[in-house]
Amino acid sequence: MAFVDKARIQVQAGNGGKGCESHYQDKYTRYPLPNGGDGGRGGNVVFVADRNLHTLLDYRFKQHYVGERGGHASSNNKTGKRGDDCILRVPVGTILWDFDTDLLIRDLNVHGDTVIVAKGGDGGRGNNHNRTVLPPKEGEVKTIRLELKIIADVGLVGFPNAGKSTLICAVSKVKSKIASYHFTTKAPILGIVEDEDDPDKNFVMADLPGLIEGAHEGKGLGHQFLKHAERTKILVHVIDMSGSEGRDPVDDYYQICEELDLYSEDLSQKHRILVANKMDLPDSKKNLTRFKRKVTKDILSISAKDKEGLDKLLATIRLLL
């Protein structure tokens with residue numbers, strides 16, 4: 001399934017049903033009595049957060065949604081049927097914006113969160129109220145911008161080919177694409193890291209697209225990556241300590257930190273775990289010694305490929321969650 005994290009749609013709530021103009025008269029009444037009922041209210045357009053959904057793909061193929069019109073009234077004071085709501089289900093973590101005003105409507109970040117984005121029109125008034133029939137009202141029409149920010153406990157950050165995909169595959173059952181070229185991960189991938197002894201210690205890890213210099217300005221995968229990192233509780237900063245891509249691990253560290261800090265204050269304050277990956281490759285130990293001398297931060301050494309050092313990494317993550 002393709003991962004789509006933004007869409008724009010138009011919604012229209014249902015129009016109200018027509019009120020009825022009717023009169024009743026029998027042999028016991030001298031003058032006709034008004035007995036026209038009211039029209040039914042139109043259906044609303046409602047968004048609901050659903051944890052079983054993971055993409056906004058459906059909203060790329062269909063952009064127009066309409067609530068049901070209210071039923072027309074009839075005589076004998078009978079009210080028209082209320083129109084059914086148009087229920088739109090979206091992944092947990094979806095943010096709804098009014099496209100025309102750019103105002104936030106709701107951040108649906110909990111399963112079952114519900115919000116009415118367009119209200120159905122009132123039904124027309126029948127003549128049983130004041131002998132005059134009033135026309136129904138139309139339902140609201142809005143253009144909605146949807147933006148999905150995935151919600152995960154842990155986000156893997158780092159340059160392309162740092163080994164993030166290999167790491168998430170090693171600690172979860174997810175099968176992420178792994179290759180020796182940049183941007184093999186083009187969309188966030190979620191994996192559940194399980195604890196066999198205590199299910200309460202399970203957590204969700206997100207493999208996020210690799211950063212490059214200028215990502216905070218939208219270069220490379222830019223904002224497509226960084227906006228998802230905002231939702232995570234902890235960032236695991238994965239560094240290719242072998243320098244196999246021709247980059248300096250120290251420079252890599254400072255560059256990623258700068259991109260995170262420049263994007264938002266929230267990211268700059270988020271707790272980070274430093275991980276030295278690819279310790280099975282030549283030059284890794286030498287580079288790690290130099291790294292520790294220049295960067296006075298705690299760092300965990302692992303080899304995601306050989307699954308070495310992962311137990312300590314997972315234990316550190318669980319202590320912080």
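**Close-ups of a six-strand sheet and its helices**

**View 1. Strands β11 and β14 run side by side.** Residues 154–157 form β11 and residues 234–240 form β14, and the two pair in the parallel sense over 4 bridges. (Strands pair if DSSP finds at least two bridges between them; helices, H or I of at least four residues, and strands, E of at least two, are DSSP runs numbered from the N terminus.) Look for V157: its bridge partner in β14 is H237. This is a predicted model, where local features need pLDDT of at least 70 and side-chain atom pairs count only at pLDDT 80 or more, while totals for chains, interfaces and linings use all residues. Residues are numbered from 1 along each chain as its sequence is written, and side-chain values use heavy atoms, without hydrogens and water.

**View 2. Here is the open sheet of 6 strands.** Its order is β12-β13-β11-β14-β15-β16, with mixed pairing. β12 (189–193) and β16 (299–301) are the edge strands; each has a single partner strand, so one side of each lacks a neighbour in the sheet.

**View 3. Helix α7 lies across the sheet strands β11, β12, β13, β14, β15 and β16.** This helix spans residues 310–320 and runs at about 180 degrees to β15 (axes are lines fitted to C-alpha atoms, for helices over the stretch in contact, meaning heavy atoms within 4.5 Å, and angles run from 0 to 180 degrees between N-to-C directions).

**View 4. Which residues of α7 are buried?** They are L310, L313, L314 and I317 (buried is under 20% relative accessible area, exposed over 50%, partly exposed in between, with a 1.4 Å probe and protein chains only). On the other side of α7, D311, K312 and L319 are exposed.
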